[in-house]
Amino acid sequence: MVEKTLALVKPDGVEGNHVGEILNDYEQAGLKILALKMIHVNKEFARQHYIDLKDKPFYQELVDFISRSPLVAMILEGENAVDTVRRVNGATDPSEAVEGTIRFKYGGGKTDNTVHGSDSVEHAKREISMWFPEFLDSYLND
Ligand code: DAT
Ligand code: MG
């Protein structure tokens with residue numbers, strides 16, 4: 001199935017100058033970049049993005065981290081894009097990530113793990129509409 005998913009190069013990835021390498025990893029995996037922007041989100045937006053984790057002990061740390069400096073958000077499309085992005089990203093904890101994955105290469109820790117990928121087609125739809133409301137606007141060619 002051709003799917004769309006949302007990926008983020010989180011603040012640590014931008015601060016570490018890894019944006020180009022990460023985009024290359026996604027393209028080399030056969031994914032097409034449909035939309036791309038740099039954005040510095042505020043805490044309210046960060047809380048909404050991670051709302052499913054609101055009861056976790058690390059929620060506040062996660063919100064502070066993702067809103068601390070600009071990040072790069074993108075919509076990626078391809079066969080099984082949701083799973084493909086998560087495979088290329090690697091395990092949530094970089095110390096458990098498979099060699100060659102983005103989190104293996106650049107991840108610092110459980111919080112600053114460099115990238116985000118939607119975990120299902122349903123969540124991808126929600127995240128795309130949050131991060132790229134303009135992508136759905138009717139004045140755009142698609
Ligand atoms: P993923 O980003 O792999 O989908 P997730 O959705 O479970 O992982 O969690 C979202 C983010 O929250 C994750 O990228 C980093 C942070 N996180 C997850 N587990 C954590 C933990 N035990 N301690 C600190 N941060 C954590
Ligand atoms: Mg997740």
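How far is an oxygen atom of ligand 1 from an N or O atom in the side chain of K10? Keep that in mind for a moment, everyone, while I set the scene.

What you see above is a predicted model, and I'd like to start with ligand 1. Ligand 1 sits in the largest pocket. Around ligand 1 you will find K10, Y50, L53, F58, L62, R86, T92, R103, K110, T111 and N113. If we sort that shell by class, we get 4 nonpolar, 3 polar and 4 charged residues.

Now back to my opening question. The side chain of K10 has an N or O atom 3.0 Å from an oxygen atom of ligand 1. For R86, the distance from a side-chain N or O atom to a ligand oxygen is 3.0 Å. T92 joins in too, with a polar side-chain atom 2.5 Å from an oxygen of ligand 1. And how much of ligand 1 does the protein bury? Taken alone, ligand 1 exposes 520 Å², and the protein buries 76% of that.

Let's leave the ligand and turn to salt bridges. The count for this model is 8. One to look for is the salt bridge between E134 and K37, where the closest N and O atoms are 3.1 Å apart. K37 belongs to strand β2, residues 32-39, while E134 lies in the segment after α7 (121-131), so this pair ties together parts that are 97 residues apart in sequence.

Have a go at finding E134 and K37 in the structure yourselves. Thanks for listening!

Notes. Residues numbered from 1 in each chain as written. Chains lettered and ligands numbered in written order. Predicted model: local features only at pLDDT ≥ 70, side-chain atom pairs only at ≥ 80, totals over all residues. Heavy atoms only, no water. Near = heavy atom within 4 Å. Polar contact = N/O pair within 3.5 Å; in protein donor to acceptor, adjacent residues only side chain to side chain. Areas by Shrake-Rupley, 256 points an atom, 1.4 Å probe, with all protein chains shown as cover. 1 Å grid on protein atoms, 1.4 Å probe; cavity = no way out; pocket = protein on both sides within 12 Å on 5 of 7 lines; lining within 4 Å. Sits in = over half its atoms within 2 Å of the grid points. Nonpolar A, V, L, I, M, F, W, Y, C, P; charged D, E, K, R; others polar. Salt bridge = Lys/Arg side-chain N within 4 Å of Asp/Glu carboxyl O. Helix = DSSP H or I, 4+ residues; strand = E, 2+ residues; numbered from the N terminus.
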